[in-house]
Amino acid sequence: MALATFGLRIGLWTTLFVGWFGPRGLASIVFGLLVLDSPLVHGSTIASIAASTVLLSIAAHGLSALGLVTRYGRVSRS
């Protein structure tokens, strides 16, 4: 996300905020489904790891949302 926002002059905190809460997860789900559909020897293990990663990402972003949004609101107003 930092590269995508390069040149927009949006500031470090906004870049970090968008990087943390921006687009994520969909690629892991698609890759996990591709692995499940292929004849790989350890395909189910790889798909389990991808699913665990997505679930941990949901938990981490959900638990951090209120605090980071509050802090970002304070920083962006000053």
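## A tour of three helices

Thr 15 is buried, with a relative accessible area of 17%. Select Thr 15 to begin; the place of this residue is in helix 1, which runs over residues 12-21. The cut-off matters here: a residue counts as buried when its relative accessible area is under 20%, and as exposed when that value is over 50%. Keep in mind throughout that the model is predicted.

**Stop 1: what comes back to Thr 15**

Keep Thr 15 selected and add Ala 2. The two are 13 residues apart in sequence, yet their C-alpha atoms are 5.9 Å apart in space. Next add Leu 3. Leu 3 is 12 residues from Thr 15 along the chain, and the C-alpha atoms of this pair are separated by 9.3 Å. Leu 3 belongs to the segment before helix 1. Is Leu 3 buried or exposed? Leu 3 is exposed, because its relative accessible area of 80% is over the 50% cut-off.

**Stop 2: Arg 9**

Stay in the segment before helix 1 and select Arg 9, which also lies there. Look at the backbone of this residue. Arg 9 has a positive phi of about 55°, although it is not a glycine. Most residues other than glycine have a negative phi. As for the surroundings, Arg 9 is exposed, with a relative accessible area of 82%.

**Stop 3: helix 1 against helix 3**

Now show helix 1 together with helix 3, the latter covering residues 43-77. How far apart are the axes of helix 1 and helix 3? The axes are 11 Å apart, and the two helices pack at an angle of about 160°. That makes helix 1 roughly antiparallel to helix 3, because angles over 145 degrees are given that name. The crossing of helix 1 and helix 3 is left-handed.

**Stop 4: helix 2 against helix 3**

Hide helix 1 and show helix 2, residues 26-37, beside helix 3. Here the packing angle is about 165°, and the axes lie 8 Å apart. Helix 2 is therefore roughly antiparallel to helix 3. The crossing of helix 2 and helix 3 is left-handed.

**Stop 5: Leu 33 and the nonpolar patch**

Select Leu 33, which is found in helix 2. At 54% relative accessibility, Leu 33 counts as exposed, because that value is over the 50% cut-off. Add Gly 43 to the selection. Gly 43 is 10 residues from Leu 33 along the chain, and their C-alpha atoms are separated by 9.7 Å.

Finally, turn on the surface. Which residues make the nonpolar surface patch? Leu 33 takes part, together with Leu 26, Ile 29, Val 30, Phe 31, Leu 34 and Leu 36. The area of this patch is about 730 Å². Colour these residues to see the patch, and the tour ends there.

Conventions:
Residues are numbered from 1 along each chain as its sequence is written. This is a predicted model: local features need pLDDT of at least 70, side-chain atom pairs count only at pLDDT 80 or more; totals for chains, interfaces and linings use all residues. Side-chain values use heavy atoms; hydrogens and water are left out. Patches are made of residues with over 30% relative accessible area and no salt bridge: like charges are joined within 9 Å, nonpolar side chains (Val, Leu, Ile, Met, Phe, Trp, Tyr) within 5 Å. Accessible areas come from the Shrake-Rupley method with a 1.4 Å probe; for residues, only the protein chains shown count as cover. A salt bridge is a side-chain nitrogen of Lys or Arg within 4 Å of a carboxyl oxygen of Asp or Glu. Helices (H or I, at least four residues) and strands (E, at least two) are DSSP runs, numbered from the N terminus. Axes are lines fitted to C-alpha atoms, for helices over the stretch in contact, and angles run from 0 to 180 degrees between N-to-C directions. Angles under 35 degrees count as roughly parallel, over 145 as roughly antiparallel, 65 to 115 as roughly perpendicular and the rest as oblique. A crossing is left-handed if the near helix is turned anticlockwise from the far one by less than a right angle, and right-handed if clockwise. Buried means under 20% relative accessible area, exposed over 50%, partly exposed in between (1.4 Å probe, protein chains only).
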